[in-house]
Amino acid sequence: MSAALLVEDLVKKFGTGKAAVDGVSFDVPAGEIVVLLGPSGCGKTTTLRCVAGLEHPTVGRISIGGRVVSEPQRGTLVSPRERDIGMVFQSYAVWPHMTVHQNVAYPLKYRRKNTSGSADIDTKVRETLELVGLGEYAQRPVTSLSGGQMQRVALARSLVYRPQLLLLDEPLSNLDSKLRIRLRDELRRILKMTGMTGLYVTHDQSEAVVLGDRIGVMKDGKLLQMAPPGEIYNRPADSFVANFTGAANVLKGKVLERKGEQAVIDLGAAGRIEAWTPQPLVAGDNAHVALRAENIRLGERGPANSFTGRVIERRYQGMQTIYDVEFGGQRVEVLELGTAARHNDGEVALTLPPDSCWAYRDEGQATVD
Ligand SMILES: Nc1ncnc2c1ncn2[C@@H]1O[C@H](COP(=O)(O)OP(=O)(O)O)[C@@H](O)[C@H]1O
Ligand SMILES: [Mg+2]
């Protein structure tokens, strides 16, 4: 049975330094996949290892299937073996002297909760190997497989005993890019077929989007936002979330007025721009507006946020074209999909749809005018 995971106010300090995990709370309902996304060193692995019981949290409570497995304030600490968790890591943890079948059968034979007879074990191993696409490879020595296939063996070995929670730590990072994309797409299908609750950590935004029912973006030990992928990509609550998920354009300006979630920002020579803002900005605040290259419309004049600019440079990439466009002293990158580049160097109309422009407070020092 897959189980829900609940993490409340988790803190993990190593020694006396800064907390590696700094007050993180989230839940993963049974059967859901949550991805923790963030740059290297932000505390993803430490969070995962606390859930697994491989690290002892400093503060906070972790519950799996309604049972508290860790709560240092009360002296509660359930050992990793008793948490009924499966884990898949970046390195393919397979036993090199065994066949594929033996590798996958191993946990069934040696786990304490095992009650299966050998025919039953055989059926479970076959079913799981089919599930991960290795049905034909059962009798091969595991060392004769490719990296991607070995990672499938590692996955099968974690799935075969149907743990109540599966933890995956950058499991695709050691694969070449083509394989990584294929296994990424398949992983979600496999996990959904088993109905397993999954906590997956990665620094790769494309993995997070494909795999996660929800994504939690982390920075410096903190969870900045947790939401479904579409919300993370279209309504980033924080400027780091916007930037880390690929909103590469940043326009500097000053808040003129704010109405609810909308703000009008003065961009200086370029004029005014309407933007969505998740923050309580007030008139006079220094702000920056983040937006994605793929959300800017070139050669179009919309009802709001339309400008006249100049194409400074154009980089044709076959399936898409990147344009550097300047308007009123601001510079943006614009992405146009398709195999034909429709715009030449020189004057061009551009529209920055207000819904795709997100204003955030400038944390830097305010300038005096
Ligand atoms: N065993 C450890 N001892 C001391 N510091 C650690 C240990 N493990 C991780 N850290 C530190 O904790 C922070 C978070 O690390 P980690 O959870 O591995 O990040 P991520 O998986 O996001 O790359 C980093 O600053 C790292 O150096
Ligand atoms: Mg890590």
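Before anything else, a word on terms: helices here are DSSP runs of H or I with at least four residues, numbered from the N terminus. The model I am showing is a predicted one, and I would like to go through its salt bridges and then one pair of packed helices.

With that in mind, let me start in helix α3, which covers residues 118-131, where K124 and D120 sit four residues apart and are therefore separated by about one helical turn. These two side chains form a salt bridge, and their closest N and O atoms are 3.8 Å apart. As for their surroundings, K124 is partly exposed, with a relative accessible area of 29%, and D120, at 33% relative accessibility, also counts as partly exposed.

Searching the whole structure gives 25 salt bridges, and I have picked out two more that link separate elements. In one of them, D362 pairs with K252, with 3.5 Å between the closest N and O atoms. Because D362 lies in the segment after β21 (358-361) while K252 belongs to strand β12 (residues 249-259), this pair ties together parts that are 110 residues apart in sequence. Here D362 counts as buried, at 18% relative accessibility, whereas K252 is exposed, with a relative accessible area of 51%.

The other one joins E333 to R315, whose closest N and O atoms are 3.4 Å apart. E333 is found in strand β19 (residues 330-337) and R315 in strand β17 (residues 306-316), so this salt bridge ties together parts that are 18 residues apart in sequence. Both residues count as partly exposed, E333 at 30% relative accessibility and R315 at 26%. Nor does this pair stand alone, since shared partners join E313, R315, D324, E326, R331 and E333 into one network of salt bridges.

Let me now turn to the helices. How do helix α2 and helix α4 pack? Helix α2 (residues 100-110) packs against helix α4 (residues 147-159) at an angle of about 30 degrees, and their axes are 7 Å apart. Since angles under 35 degrees count as roughly parallel, that angle makes α2 roughly parallel to α4. The crossing of α2 past α4 is right-handed.

Which residues make this contact? On the α2 side they are V100, N103, V104 and P107, and they meet V153, A156 and R157 of α4. By type, the residues of this contact divide into five nonpolar, one polar and one charged.

Note on methods:
Residues are numbered from 1 along each chain as its sequence is written. Chains are lettered from A and ligands numbered from 1 in the order in which they are written. This is a predicted model: local features need pLDDT of at least 70, side-chain atom pairs count only at pLDDT 80 or more; totals for chains, interfaces and linings use all residues. Side-chain values use heavy atoms; hydrogens and water are left out. Axes are lines fitted to C-alpha atoms, for helices over the stretch in contact, and angles run from 0 to 180 degrees between N-to-C directions. Helices (H or I, at least four residues) and strands (E, at least two) are DSSP runs, numbered from the N terminus. Angles under 35 degrees count as roughly parallel, over 145 as roughly antiparallel, 65 to 115 as roughly perpendicular and the rest as oblique. A crossing is left-handed if the near helix is turned anticlockwise from the far one by less than a right angle, and right-handed if clockwise. Contact means heavy atoms within 4.5 Å. Ala, Val, Leu, Ile, Met, Phe, Trp, Tyr, Cys and Pro count as nonpolar, Asp, Glu, Lys and Arg as charged, and the others, Gly among them, as polar. A salt bridge is a side-chain nitrogen of Lys or Arg within 4 Å of a carboxyl oxygen of Asp or Glu. Buried means under 20% relative accessible area, exposed over 50%, partly exposed in between (1.4 Å probe, protein chains only).
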